[in-house]
Amino acid sequence: RNTYWLLALSMLPTVAGAVVGMSLNFIALFKAAPIMTPLLMFGAMLGSLFVVTRLRNSAWGVAALFGFTFISGLMLTPILTVAAGFRNGGQLVALSGGLTAAVFFALAAYATVSKRDFAFLGKFLFVGLVLLIVASLANVFLQVPAMALTISAVAVMIFSLYLLYDLSNIIRGGETNYVMATLNLFLDLFNIFVNLLNLLLAFTGQRD
């Protein structure tokens, strides 16, 4: 219950970060330095992840988690700006959010009812995640649209399986720290949402 409540609350700083990013024209930084800015933001996210991990057992753990989700909201600025340029962009953002929520509730129900142990997915998912990160960083320099769509499709699959893995781990008592449990679920949902939106914009986006 603590994990699910904290997960719901963590969405508030995420939305706030997205609003701040859009209001302050954060996209200008990405346009001015299309390679350096994403790398710096990725570094900031890794740094905040480290802080959350270090403070997970203290009263500051929740504050660090909210700080991380705020930075994650800022990272949504580029794709939300792209969505704003489509006639149906708002609908696609809502659809991506709805699909992400549907995936979460479906997998949470399955993990709860089946009570299966999905720990065997751990090594496979870790290797897949490393390859996905390498491919994503490479495409920052290559800027190949087809490669970006392939990465997004694979990412949706990997993070959906990660979501099932993390939910099973929480339900079976493998993760007892609710800050870390929330962080894991948030990362899964964040990546599913972003990559789903990227696919929806590419295939169903209607430009003005």
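Q: What makes up the secondary structure of this protein, and how many helices and strands are there?
A: In this predicted model, the secondary structure comes to nine helices and zero strands. Read from the N terminus, the elements run α-α-α-α-α-α-α-α-α.

Q: Why is the protein called as compact as a globular protein of its length?
A: Set two values side by side. The radius of gyration is 17 Å, and the globule rule gives 17 Å for 208 residues, so the protein is as compact as a globular protein of that length. Along the principal axes, its C-alpha atoms fill a box of roughly 50 × 35 × 30 Å.

Q: How much of the protein counts as buried, and what supplies the area that it exposes?
A: Of the 208 residues, 40% count as buried. The protein exposes about 11100 Å², and carbon and sulfur atoms supply 72% of that area.

Q: What share of the contacts between residues at least 6 apart in sequence join residues at least 24 apart?
A: That share is 84%.

Q: Which residues of the largest nonpolar core touch the most other members?
A: They are Leu76, Phe104, Leu163, Leu167, Leu197 and Leu201, out of 51 residues in this core. Helix α9 (residues 178–204) gives the core its largest share, 14 residues. Here is a general point to remember: in soluble globular proteins, nonpolar side chains tend to be buried together.

Q: What does Leu163 contact beyond its neighbours within four places in sequence?
A: Leu163 is in contact with Val103, Phe104, Leu107, Leu185, Asp188, Leu189 and Ile192.

Q: How do you know that the length of helix α8 agrees with what is expected?
A: Helix α8 (residues 145–171) has 27 residues, so at 1.5 Å a residue it should span 39 Å. The C-alpha atoms at its ends are 39 Å apart, and therefore the two values agree. After α8 comes Gly173, with a positive phi near 85 degrees.

Q: Why is Thr14 called buried?
A: Buried means under 20% relative accessible area. Thr14 has 8%, so Thr14 is buried. This residue lies in helix α1 (residues 2–23).

Q: What does Thr14 touch, not counting residues up to four places away in sequence?
A: Thr14 touches Thr69, Gly73, Leu76 and Phe186. With Thr69 there is a further detail: a polar atom of the Thr14 side chain lies 3.5 Å from the backbone oxygen of Thr69.

Q: How do you know whether Asn88 is buried or exposed?
A: The cut-off for buried is under 20%, and Asn88 has 8% relative accessibility, so Asn88 counts as buried. Its place is in the loop between α5 (77–84) and α6 (89–114). Leaving aside neighbours within four places in sequence, Asn88 is in contact with Thr204, Gly205 and Gln206.

Q: What makes Lys115 count as exposed?
A: Exposed means over 50%. Lys115 has 53% relative accessibility, so Lys115 passes that cut-off. You can find Lys115 in the loop between α6 and α7 (121–142). Look at its backbone too: Lys115 has a positive phi of about 55 degrees although it is not a glycine. Most residues other than glycine have a negative phi.

Q: Why does Arg172 count as partly exposed?
A: Partly exposed covers values between 20% and 50%. Arg172 has 48% relative accessibility, so Arg172 counts as partly exposed. This residue is found in the loop between α8 and α9. Leaving aside neighbours within four places in sequence, Arg172 is in contact with Lys115, Arg116 and Asp117.

Key
Residues numbered from 1 in each chain as written. Predicted model: local features only at pLDDT ≥ 70, side-chain atom pairs only at ≥ 80, totals over all residues. Heavy atoms only, no water. Core = buried A, V, L, I, M, F, W, Y, C linked by side-chain atoms within 4.5 Å. Buried < 20%, exposed > 50% of the residue type's maximum accessible area, 1.4 Å probe, protein only. Helix = DSSP H or I, 4+ residues; strand = E, 2+ residues; numbered from the N terminus. Contact = heavy atoms within 4.5 Å. Expected span 1.5 Å × (residues − 1). Polar contact = N/O pair within 3.5 Å; in protein donor to acceptor, adjacent residues only side chain to side chain. Rg over C-alpha atoms; globule rule 2.2 N^0.38 Å. Areas by Shrake-Rupley, 256 points an atom, 1.4 Å probe, with all protein chains shown as cover.
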